[in-house]
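Please open the structure in your viewer and keep the selection tool at hand. The tour below proceeds from one selection to the next and states what is found at each stop.

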Amino acid sequence: MRSDLIAAPQLGKYDLTVAATIAPEDPGGFNIEGLAATPDDRLLLGFRNPITEKGKALVVPIGNPKEVILGKKAQIGMPIEIVLDGKGIRSIEFNQERNLYFIVAGPYGDVGSFALYTWSGQPEKDPGIVKGVDLGTLSVEAIYFAPGDNMQLHIISDDGGRKINGKDCKKVDPKAKLQSNVSDHSRFRPIRGSLFTLGGIHAQTPDAPNC
């Protein structure tokens, strides 16, 4: 599919050919982190990188995901540029009960803040930030709703880059973790899960970081 995206004339202005030669988390790199099924059986690809020249995030529809799985050429739709306050898309999920997409936006690189948005999916309308939701120290990698549950949003955070004695959590020797004088070894886990209950929308404070 990557080659189909690069070759798509409607995506030409984003110069994905050049983006594909740049590290994914460097400015102008090629990095897709969002993937959401639509009610009409399409897929939406959410780009973490590149960010457009106007600071917008890029969403690209795929019209034939089932055929793509079978090796067919992807039917690339027209790109949608949405305002996420200069951030890229880190995860996108459709909530059927509300008929809305939930988007977590964050930096294209490693450093920056995250925010939760809702979006109608209509190209002419920008997402709105969900007020009162503080993602704190979460470094969001994915969001999802459990099957049959449209009220609780699960958020997965990658804490592997957090520092322990000057070293990334994910690079700390497991033996050193066990020998540590820290009583709660669970804080060394590089992955953290948090749960947000979406009442009206009601937000809970995320758990403390593991690393």
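Begin with strand 5 and strand 6 (residues 100–106), which run antiparallel and are joined by 7 bridges. The model is a predicted one, and the stops that follow should be read accordingly.

**The hairpin of strands 5 and 6**

Within this pairing, select serine 91; its bridge partner in strand 6 is valine 104. Next, move to the turn of the hairpin, where 4 residues lie between the two strands and asparagine 99 adopts a positive phi near 55°. Then select the whole of strand 5, residues 88–95. Is this strand largely enclosed by the rest of the structure, or largely open? Of its 8 residues, 7 are buried, so strand 5 is largely enclosed by the rest of the structure.

**Aromatic pairs**

Display the aromatic side chains; the structure holds 4 aromatic pairs. Select tyrosine 101 and tryptophan 119, whose rings form a tilted pair with 5.7 Å from centre to centre and 40° between the planes. Tyrosine 101 belongs to strand 6 and tryptophan 119 to strand 7 (residues 115–119), so this pair ties together parts that are 18 residues apart in sequence. Tyrosine 101 and tryptophan 119 are both buried.

Now select phenylalanine 102 and phenylalanine 145. Their rings form an edge-to-face pair, 5.7 Å centre to centre, with 70° between the planes. Phenylalanine 102 is in strand 6 and phenylalanine 145 in strand 9, so that the pair links distant parts of the chain, 43 residues apart. Phenylalanine 102 and phenylalanine 145 are each buried.

Before leaving the rings, add Phe94 to the selection: ring pairs link Phe94, Tyr101 and Trp119 into a cluster.

**The open sheet**

Proceed to strands 9, 10 and 13. These 3 strands form an open sheet in the order 9-10-13, with antiparallel pairing. Strand 9 (140–145) and strand 13 (191–197) are the edge strands, each pairing on one side only. From one strand to the next, the twist averages 20°.

Narrow the selection to strand 9 and strand 10 (residues 152–158), which pair in the antiparallel sense over 5 bridges. Here tyrosine 144 stands opposite histidine 154 of strand 10.

**Isoleucine 80**

Select isoleucine 80, located in strand 4 (residues 80–82). Is isoleucine 80 buried or exposed? Its relative accessible area is 9%, so isoleucine 80 counts as buried. Apart from neighbours within four places in sequence, isoleucine 80 is in contact with Ala57, Leu58, Val59, Pro61, Trp119 and Pro123. For a distance to display, choose the C-alpha atoms of isoleucine 80 and glycine 121: they are separated by 9.4 Å, although the two residues are 41 residues apart along the chain.

**Isoleucine 22 and phenylalanine 30**

Next, select isoleucine 22, which lies in the loop between helix 2 (16–19) and strand 1 (31–37). Isoleucine 22 counts as partly exposed, with a relative accessibility of 27%. Leaving aside neighbours within four places in sequence, which residues does isoleucine 22 contact? They are Pro27, Gly28, Gly29 and Phe30.

Finish at phenylalanine 30 and add arginine 2 to the view. Arginine 2 lies over the face of the phenylalanine 30 ring, at 4.8 Å from the ring centre.

Conventions. Residues are numbered from 1 along each chain as its sequence is written. This is a predicted model: local features need pLDDT of at least 70, side-chain atom pairs count only at pLDDT 80 or more; totals for chains, interfaces and linings use all residues. Side-chain values use heavy atoms; hydrogens and water are left out. Buried means under 20% relative accessible area, exposed over 50%, partly exposed in between (1.4 Å probe, protein chains only). Two strands pair if DSSP finds at least two bridges between them. Axes are lines fitted to C-alpha atoms, for helices over the stretch in contact, and angles run from 0 to 180 degrees between N-to-C directions. Contact means heavy atoms within 4.5 Å. Rings of Phe, Tyr and Trp (its six-membered ring) pair if their centres lie within 6.5 Å; planes under 30 degrees apart count as stacked, over 60 as edge-to-face and the rest as tilted. A charge sits over a ring if NZ of Lys or CZ of Arg is within 6 Å of the ring centre and within 35 degrees of the ring normal.
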